[in-house]
Amino acid sequence: MTMPDHERLLIIDFGSQVTQLIARRLRELNIYCEIHPFQNVTDTFLDEFAPKAVIFSGGPASVIDDGSPRPPGSVFDRGVPILGICYGQQVMMQMLGGRVERGHGTAEFGRAYVTPQDRRIDLLNGWFIDGREQVWMSHGDHVSKIAPGFEVYGTSPNAPYAITADMDRHFYAVQFHPEVHHTPNGKTLYENFVRLAGFKGDWTMGAYREQAIEQIREQVGDGKVICALSGGVDSSVAAVLIHEAIGDQLTCVFVDHGLMRLNEAEEVVSMFREHYNLPLIHADESELFLSQLDGQSDPETKRKIIGRLFIEVFEKHAKEIGGADFLAQGTLYPDVIESVSFSGGPSVTIKSHHNVGGLPERMNMQLVEPLRELFKDEVRALGHELGLPASFIGRHPFPGPGLAIRCPGEITRDKLEILRKADAVYIDQIRKHGLYDEIWQAYVAILPVRTVGVMGDGRTYDHACALRAVTSVDGMTADYYPFSHEFLGETATRIINEVQGINRVTYDITSKPPGTIEWE
């Protein structure tokens, strides 16, 4: 669902691991942008997309090698500003008459410092106030000769052409990565670039909401839409947005698999039925799921059982409303980007909602994905725009298989009840200490061991549990949250005192990688 009425910036992706961060920085500046792999950017594509400016991303290849990635040469003739980053700088220099050479002692990886030349340009407004700027470098090759028309505006010890520009054509190129956290003033550089390109910054959630509603109505017409409502932020925002567009043509199906957190199913159903008057089927299938999971301990087997049953249950309840023409999903822009192979072009399989894996292939329906242009933080902003409660929008992510993957080993009803209560105490502690919004995700896992303890004058032989809390930007990497020992001690005491069945509490300090955020 491309937004045709917005000024658009094109990011040509050459395979950098941080290309998404470029888009994030631009979206924060209210600039609408899209990422497209270099091999998909043809002359025809450029004509249709009509970008107001172009950014070349970094990438792992060497421009010196035969067959290395290139943008179409016509991109330089469109009369729009271009910013090349790292590999993007090198490919710009190589194609426009400069020269790139291999390392020879000039490689730079990690923190570096750029100092200015005498000449100043508007791209660098707000830079070099203290004489130099910290940047993040990651390059083996280096530019040894700049292309005709370019001048040097910044250097680093191993990059004599760290910042270059051709002011007549509004071509800019930097050897470092301004999008990453380790280039502290990088956002200012992007801000200057889009201002030089003449962007007004018209990308707002209010505008997106209006255009999305219009496009949903145009796509769906008088058809029926069903939405698998997991209770997570993405599917919930999608459901409310679609309901605003087409009303009772939408029916949501909330499959309660018995693996939710304490009171979660009731809270989700209540919010959507009472506050949004949204057609909702509450499919309480907990007995079915738990009976099929009985005796299963292998994590992959558990996931497959949950996925298969979810599809079967969803199909059953979809038939109750007489079928549907469309399936609504909370697909986000990172999902769309990940479904496009950098080396092989578009993937043939659309990524499905985590709770309905495989459903689009089994049921003859078209997809409605009104969030596919948005990042997670933008979905939260749209949720605010739609009036969803702030406490709901800010919730931590919750996995589709639910507590099943926080219960290593066999799943039993008793263990799930213990887990729900312990998790409720832990989250309550985090909220009481004002830490909830600092943490990406937090939960309790009940371990498949029992330990000896002493309570009062008696011996206990109960479960051990692990607390997990991580900080992250996008869930791809994560680090454990540095709770104080006082917090951990207080929380452990509360869990042991208030939750019968646990007599030992541990804290997981594993980062991702090497671990994952969830235990299974």
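This report covers a strand and its neighbours, a helix, a cavity and two cysteines in a predicted model.

## Strand β4 and its partners

Strand β4 spans residues 82-85. Its residues point two ways. Ile82 and Gly84 face one way, while Leu83 and Ile85 face the other. All of them are buried.

β4 pairs with two strands named here. Strand β3, residues 53-56, runs parallel to β4 and is joined to it by 3 bridges. Within that pairing, Ile55 stands opposite Leu83. Strand β11, residues 171-174, also runs parallel to β4, and 4 bridges join these two. Here Ile82 of β4 has Phe171 of β11 as its bridge partner.

## Helix α3

Helix α3 covers residues 87-95. Most of the helix is covered, with 7 of its 9 residues buried. The buried residues are Tyr87, Gly88, Gln89, Gln90, Val91, Met92 and Met93.

Gly97 follows α3. The phi of Gly97 is positive, near 110°.

## The cavity

How many cavities of 30 Å³ or more does the model hold? The count is 1. The largest cavity has a volume of about 30 Å³.

Eight names make up its lining: Gln89, His142, Val143, Ala159, Pro160, Tyr161, Ala162 and Gln175. One of these lining residues, Gln89, is also among the buried residues of α3. Strands β8 (142-145) and β10 (159-166) each supply at least two lining residues. β10 gives the most, with 4 residues. By class, the lining has 5 nonpolar and 3 polar residues, and no charged ones.

## Two cysteines without a bond

The structure holds 0 disulfides. Why is Cys227 not bonded to Cys252? The closest cysteine sulfur to that of Cys227 belongs to Cys252, and at 4.5 Å it is too far for a bond. The cut-off for a disulfide is within 2.5 Å. Seen from the other side, Cys252 is in no disulfide either, and its nearest cysteine sulfur is that of Cys227, 4.5 Å away.

Are these cysteines buried or exposed? Cys227 counts as buried because its relative accessibility is 1%, and buried means under 20%. Cys252 has 0% relative accessibility, so Cys252 counts as buried as well.

Key: Residues are numbered from 1 along each chain as its sequence is written. This is a predicted model: local features need pLDDT of at least 70, side-chain atom pairs count only at pLDDT 80 or more; totals for chains, interfaces and linings use all residues. Side-chain values use heavy atoms; hydrogens and water are left out. Buried means under 20% relative accessible area, exposed over 50%, partly exposed in between (1.4 Å probe, protein chains only). Two strands pair if DSSP finds at least two bridges between them. On a 1 Å grid over the protein atoms alone, a cavity is a set of points where a 1.4 Å probe fits but cannot get out, and a pocket is an open set with protein on both sides within 12 Å along at least five of seven lines; lining residues have an atom within 4 Å of a point. Grid points are joined across faces, edges and corners, and a volume is the space filled by probe spheres set on the points. Ala, Val, Leu, Ile, Met, Phe, Trp, Tyr, Cys and Pro count as nonpolar, Asp, Glu, Lys and Arg as charged, and the others, Gly among them, as polar.
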